[in-house]
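Here are my notes on this one, jotted down while going through the charged pairs and one core position. Have a look at the structure first, then read on.

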Amino acid sequence: MENTKAVILSIAAFISLAIIIMVIQFLSRKLKNKSHEDGKIKLSFGIWFSTFFLSASLIMARTIVVFGEAVDNVYKITPDRGLFESFKKGSLFIGLSILWLLIWYIAVNRLSYLVMGKRKPANEIDIDNYTFFIVRGILLIGFTICLLPAFDIILREFIPSVQIPFYH
């Protein structure tokens with residue numbers, strides 16, 4: 001059981017990080033053209049990518065911990081279909097974590113107007129304004145860390161529960 005769980009969690013972590021990188025590539029499609037200068041990646045793009053990936057990794061770390069508990073419960077409830085049920089729960093958890101990340105990414109982008117005014121990220125990358133992306137990244141990481149307990153509660157609602165017999 002422990003070997004199976006370790007393999008399932010490793011595969012889930014690998015897939016979730018790959019999906020995060022694909023989401024980052026999708027969100028940076030407008031910034032990508034301006035992110036290179038003389039064959040080097042601009043510092044502002046590197047900071048944006050790093051802070052976004054760090055925030056996503058914090059969310060995925062919590063997701064994998066809760067998913068490990070879900071795998072334990074799945075194998076206790078249905079040991080014969082454990083692998084398929086674990087795959088379903090893993091897909092659900094990874095999807096919820098990507099959705100959670102995107103919700104707070106959009107919220108931080110809107111709230112950053114309060115701090116820095118209305119600026120377009122494409123223009124800021126073009127002039128290599130790395131302090132803009134440091135502030136935005138720290139806002140995203142701060143929101144992520146503060147809202148991890150709420151996300152943990154949401155994830156735990158989807159863990160299958162084991163029925164405990166009650167004897168009196």
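1. Let me start with arginine 81. This is a predicted model, and in it arginine 81 comes out as partly exposed, with 46% relative accessibility. The side chain of arginine 81 meets that of glutamate 85 in a salt bridge, at 3.5 Å from N to O.

2. Now the other end of that pair. Is glutamate 85 buried or exposed? Glutamate 85 is buried: its relative accessible area is 15%, and the cut-off for that label is under 20%. So here a buried acid is paired with a partly exposed base.

3. Glutamate 85 has another partner to look at. Lysine 88 also forms a salt bridge with glutamate 85, and the closest N and O atoms are 3.5 Å apart. Both residues sit in helix H4 (residues 82-116), 3 residues apart, so about one helical turn separates them. Lysine 88 itself is partly exposed, at 41% relative accessibility.

4. While we're on shared partners: Glu69, Asp152 and Arg156 are joined into one network by salt bridges that have partners in common. It may be worth pulling that trio up on screen.

5. How many salt bridges does a search of the whole structure find? The count is 6. One of them links aspartate 72 and lysine 5, whose side chains meet at 3.0 Å, N to O. Aspartate 72 belongs to helix H3 (residues 43-77) and lysine 5 to helix H1 (residues 2-27), so this bridge ties together parts that lie 67 residues apart in sequence.

6. The accessibilities of that pair fall on either side of the 20% cut-off for buried. Aspartate 72 has 22% relative accessibility and therefore counts as partly exposed. Lysine 5, at 16%, counts as buried. I'd read both labels with the cut-off in mind.

7. Last, away from the charges: leucine 148. This residue is placed in helix H6 (residues 130-156) and is buried, with a relative accessible area of 13%. Which residues does leucine 148 touch, leaving aside those up to four places away in sequence? The contacts are Leu58, Ile59 and Arg62.

8. A distance to go with that: the C-alpha atoms of leucine 148 and threonine 63 are 9.7 Å apart in space, while the two residues are 85 apart in sequence. Threonine 63 is not among the residues listed as touching leucine 148; that list has Leu58, Ile59 and Arg62.

Definitions and conventions. Residues are numbered from 1 along each chain as its sequence is written. This is a predicted model: local features need pLDDT of at least 70, side-chain atom pairs count only at pLDDT 80 or more; totals for chains, interfaces and linings use all residues. Side-chain values use heavy atoms; hydrogens and water are left out. A salt bridge is a side-chain nitrogen of Lys or Arg within 4 Å of a carboxyl oxygen of Asp or Glu. Helices (H or I, at least four residues) and strands (E, at least two) are DSSP runs, numbered from the N terminus. Buried means under 20% relative accessible area, exposed over 50%, partly exposed in between (1.4 Å probe, protein chains only). Contact means heavy atoms within 4.5 Å.
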